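Q: I'm new to this one and would like a close look at a single part of it. Could you pick one helix, walk me around it, and then show me how its surroundings fit in?

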Amino acid sequence: MDGRRKLLLVIAALLAVLLATPHSGSYIMVLVTHALVFAILAMSLDILLGFTGLPSLGQAAYLGMGAYLTAILATRLQFGLDWTFWVVVVLGILIGAATAAFFGLFAVHAGGVYFLMITLALGMCVWGLAYRWNSLTGGDNGIVLPPRPSFGIQLADDVTFFYLVFAFFVASLAALYVLVRSPFGRSLVGIRENELRMRILGYNTWLHKYVAFIIAGGFGGLAGVLWAHAHGLVSPEDVVLATSVDALLMVVLGGPGTLVGGAIGAAIVVFLREYLSTLVPWWQYVLGGVYVLTILYLPGGLLSLPERIRSRRAKPAGTAEAKVLQSESR
Amino acid sequence: MLKQIGRSSTWGWIAGLLALAGFMGAPPAGAAQELRIGFVAPTTGAFSQIGRDMVNGFQMYLDEVGGNFAGAKVTFIVEDEEAKPPVAVRKVEKLIRQDKVHMFIGGLLASTGYAIAPVSTRLKTVYVASIPAADDLTQRDAGKYPLMVRTGWTSSQPNHPFGEWACQQGYKRIVAIGADYAFGHEVVGGFQKAFEDCGGRIIQKIWPPLGTIDFGPYIPTIKKNADAIFTLMVGPMSLQFPKQLASAGIRLPVLGGGTSYDEFVLPAMGDEVIGHVSALQYSAALDNPKNVAFVKKYREKYGKVPSYYSESNYSTAQMIHEVMKKTKGKWPGAAQFVKLLSTIQLDTPRGPVRLDEMRNPVHNIYIRMVRKKKEHGYDKDELWNTVIKTYPNVGQFYKYKKEEFLKQPVYSRDYPPCKYCE
Amino acid sequence: MDTNFWVIQTFNGVSYGALLFLLASGLSLIFGVMRIVNLAHGSFFLLGGYVALTVIWTTGSWFLAIPAAALAIAVVGLLMERVFLRPLGFDPLRQVLLTVGFAYLFQQAALDIWGGDNLDISPPAVLKESAVIGGFYFPVYRAFMIGMAVVVGIILWLAMEKTRMGAMVRATVDDAEMARGVGINTSLVSMFIFALGAFLAGLGGVIGGAFLGVYPGLDFAILPIAFAVVIIGGMGSLTGAAVGSLLVGLADNFGKALFPEVSYFTLYAPMVLILALKPTGLFGRE
């Protein structure tokens, strides 16, 4: 498919979600809203993983920073419950970005598997604070938020809130799309493919990665602000390692380096976690199975499927497989 | 050609997406004379046995009446809340929005209670708190949750008389060590208030996080010149603490909140807990006919002695049945149901139960000592929570005046202040 | 804060560190040789405890349970490496996610097989006592854990330094490419190391089961602490695992006792600091 047709398809899918969701029963709407919030988080991670080649195991930290900021401002200072909600959105993005700017100093110079470990450690630090710093975070109790903001528009209404989250999702998608197509985004891909070559060409690769890390943190913070209001409760459970790992799965499942892949992955994982467990008591088998099968059989994620099917049709199966695998391995 | 396939598949995708969206919208149908009950309990994770006790208790009563409450067919939907407040919130939303339940029951942790009670108000659905003991749900915040009824207990409820009892035993200086979350704070707080009002002194408070299993850092800090230790443990903590306390050579008398020695964990415990005393509204060793029958039947069915988690949900089912008898199986509407449920008076395995005007049970509190003996005609020596004293009909404010009690802040890490801490 | 406090806290910290060593040494070796971040390592620990319980229930022997459980888990690890991890080749991200998938599968399987009860492994009575030395009470079981860790540590050290397999492992840790070049079968080494890592975790599960209990969720509770050890000590280094365990055991213990509000922070902040200064950990090599 060429770029224009892809764009058309994405717009059509977005329209379908936008039009169908409000009529789809109130629980589905909640699920879709949750999925959209996580889609923002997954896309922020895709900037690191898919475009820059940095697998972060600590993305939940930024979600947590945004969410706790929102909850603490709302309960302590009653701030952000009217038009000041927009201020909180900005603050949430800033705190995510600032946290990433700090963490990036430790993490960005490391490569590959060391980057995984450092981001894991940094994520655990944030969790540790959320879990034990009782006087600020309420510890294990978490923080229950007051009803959602209203500023002429009642966000307490689930449909309205869905539209808001949807708007944020589309804005994030568009912003990140512009970002990855910019010269900056192209050099990130260059770093992913061959960092040494980029350095020889005179790029400051550390700075590029550092900026990408901060941008990802900012979008993570935004997801956190929305998550706090979507859920009405912020708890250390939101910041656990499993959330970060889930975010990774979303990206890998959908297709790294595609942005929308992360969104699709988010939809599937949110559905699995929140809905599947209501259908079968042994939901962990399915969740574990999805992890294992994705890794073994879907190296390029779901979005690579059409490509794989087409090339399999076009050529004898064996060579097509080899070619796809080749293009996946980097 | 290829291009055409591409285009038609684009439209195919769009059509598929729309079809999927349409499918998602199909609403579930509800039959007449049906009572839809949602139940949240942890069935995976560290608290899964407790979750099963909860479900089993409710299920056993349902089975006894053939799944029929006075003509209303009961649809019982269990959701796994993993003992995590955010998961519980999501599951409750699902029960209400998707399954259109008339009420939801359960939740395990007090923090979960605080998290899901607002959902009951927001989505206008009855919440029956059979386990979460968070004090303020039926105290200072009771007005915020008009559709919530508690059939379990408040955390501090058994510990007011217990604090007084401890003082009367002659204990003067006690060290408190409790799980660091709402429930722990409130249990210890209730004990401390009554104990200190009677002249005792809490000389130290230690707060290990919920889920602590290595008490190595905490046990050595316990002040050795105390008269006794008051512990509040939950889940896996209950099993490890007494063991590690004993092997650290601490021989002080041990008192505890009810969950520290509850029957969910008692059979796995060692002899070091013999002689430990705790307070709760239930003990499997209670010697009334209702309870003896309940214990025997439960044990036969599920292979273990019921815990308070089982009893509380069994009794909850019984209370709901009573309400439905009054309405002849018709759902009376949320507000009316709450009204009816709060006027119920009933004999349950734990003893007589009625609800106060803030929709919290008034029931007996039992002071129980762990003893190794034969009980209810079983032929093996086992650990039982033997009742050594009964405080009849204890309400959530105990002897305190409601108005004055409600003026003080909810029990927390810092309230009552530790004025005798050394 | 009298002497008693410092002596006992130090002892507790060291003994907790000893248990962590059993768990983390395997994790560290796996990482060093295969560059795999094994998030299923906590599951090995938990499964070890459960298998031991089954052995104890059927045979009544605690002594038999220790090797039986460790070997059973080694077999699980071996199969996992051969069937699933090996075909992936070298790809840290996909390996991590695969081990996460297995962690979920193991967790559900353990729940289905052994139920959700909080269980406890009961060691022989003599280990449940406490020894009184100079007025201090030392739980014997904690001393036993220290002893086990020392013995296992020495055996591992001898195996790595004095045997041919050990030399092959060290060569692979240093430079897998080079090791292959000189004719070392790195695939075999990886298989051996993954099984050994699982063996150690299973062993830790039996030993730790009598101390921490055996219950669903223990796997994810213990995992982050094991990672702290490996990250601080240095990935792939036995000395690092030993020093890291000791440091983390003590930091965790004193952090919780002295600064309860920020106790996890006192554990993870030094970890981040070490990573910032020396990404390979105290004893790790590039």
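**A helix and its surroundings**

A: Let's start with H8(B), whose buried residues are Asn291(B), Phe294(B), Val295(B) and Tyr298(B). Those residues span an arc of only 95 degrees around the axis, so they sit on the same side of H8(B). Turn to the other side of H8(B) and you'll find Pro289(B), Ala293(B) and Glu300(B), which are exposed. One thing to keep in mind as we go: this is a predicted model.

How long is the helix? H8(B) has 14 residues, 289-302, and at 1.5 Å a residue they should span 20 Å; the end C-alpha atoms are 20 Å apart, so the two agree. After H8(B) comes Gly303(B), with a positive phi near 75 degrees.

What lies over the buried side? The cover for the buried residues of H8(B) includes two helices of chain B, H2 (48-64) and H9 (308-326). Let's take them one by one.

H9(B) is itself well tucked in: 16 of its 19 residues are buried, so the rest of the structure largely encloses it. Its length checks out too, because 19 residues at 1.5 Å each should span 27 Å, and the end C-alpha atoms of H9(B) are 27 Å apart. Just past H9(B), Lys328(B) has a positive phi of about 55 degrees.

Now for H2 of chain B. In the loop between strand S1 (34-41) and H2 sits Phe47(B). Phe47(B) has 30 other C-beta atoms within 10 Å, and so it counts as buried. Leaving out neighbours within four places in sequence, the contacts of Phe47(B) are Pro42(B), Ala83(B), Leu108(B) and Gly235(B). The last of these is a long way off in sequence: Phe47(B) and Gly235(B) are 188 residues apart along the chain, yet their C-alpha atoms are separated by 6.0 Å.

H2 also takes us out of chain B. In the meeting of chains B and C, 24 residues of chain B are in contact with 27 residues of chain C. On the chain B side, H2 and helix H7 (236-247) are the elements that give two or more residues, and H7(B) gives the most, with four. That side of chain B divides into 11 nonpolar, 11 polar and two charged residues.

While we're in chain B, a few backbone oddities are worth a stop. Here's the background: most residues other than glycine have a negative phi, and most peptide bonds are trans. Lys100(B) isn't a glycine, but its phi is positive, about 50 degrees. You'll find Lys100(B) in the loop between helix H3 (85-97) and strand S4 (103-106) of chain B. It has 18 C-beta neighbours inside 10 Å, so Lys100(B) counts as partly exposed.

Arg359(B), also not a glycine, has a positive phi of about 65 degrees. This residue belongs to the loop between strand S13 (351-355) and strand S14 (361-373) of chain B. With 22 C-beta neighbours inside 10 Å, Arg359(B) counts as buried. Then there's a cis peptide bond between Tyr415(B) and Pro416(B), with omega about -5 degrees. Pro416(B) is in the segment after helix H11 (402-407) of chain B.

How far can you trust chain B? Its pLDDT averages 89, and 92% of the residues score at least 70. Two stretches call for care, though. Over residues 18-31 of chain B the pLDDT is below 50, and that stretch has 18 contacts in the model beyond near neighbours in sequence. Residues 1-9 of chain B also stay under 50, with two contacts beyond four places in sequence.

To finish, step across to the other chains. The largest nonpolar core has 346 residues, and among those with the most contacts inside it are Ala42(A), Ala121(A) and Ala69(C). Helix H2 (residues 26-52) of chain A brings the largest share of this core, 20 residues. Setting aside neighbours within four places in sequence, Ala42(A) touches residues including Ala247(A), Met250(A) and Gly262(A). Over in chain C, helix H11 (residues 238-258) is mostly covered, with 17 of its 21 residues buried.

Definitions and conventions. Residues numbered from 1 in each chain as written. Chains lettered and ligands numbered in written order. Predicted model: local features only at pLDDT ≥ 70, side-chain atom pairs only at ≥ 80, totals over all residues. Expected span 1.5 Å × (residues − 1). Buried ≥ 20, exposed ≤ 12 C-beta atoms within 10 Å, placed from the backbone. Arc of directions from axis to C-beta. Contact = placed C-beta atoms within 7 Å. pLDDT = per-residue confidence, 0-100. Core = buried A, V, L, I, M, F, W, Y, C linked by C-beta atoms within 7 Å. Nonpolar A, V, L, I, M, F, W, Y, C, P; charged D, E, K, R; others polar.
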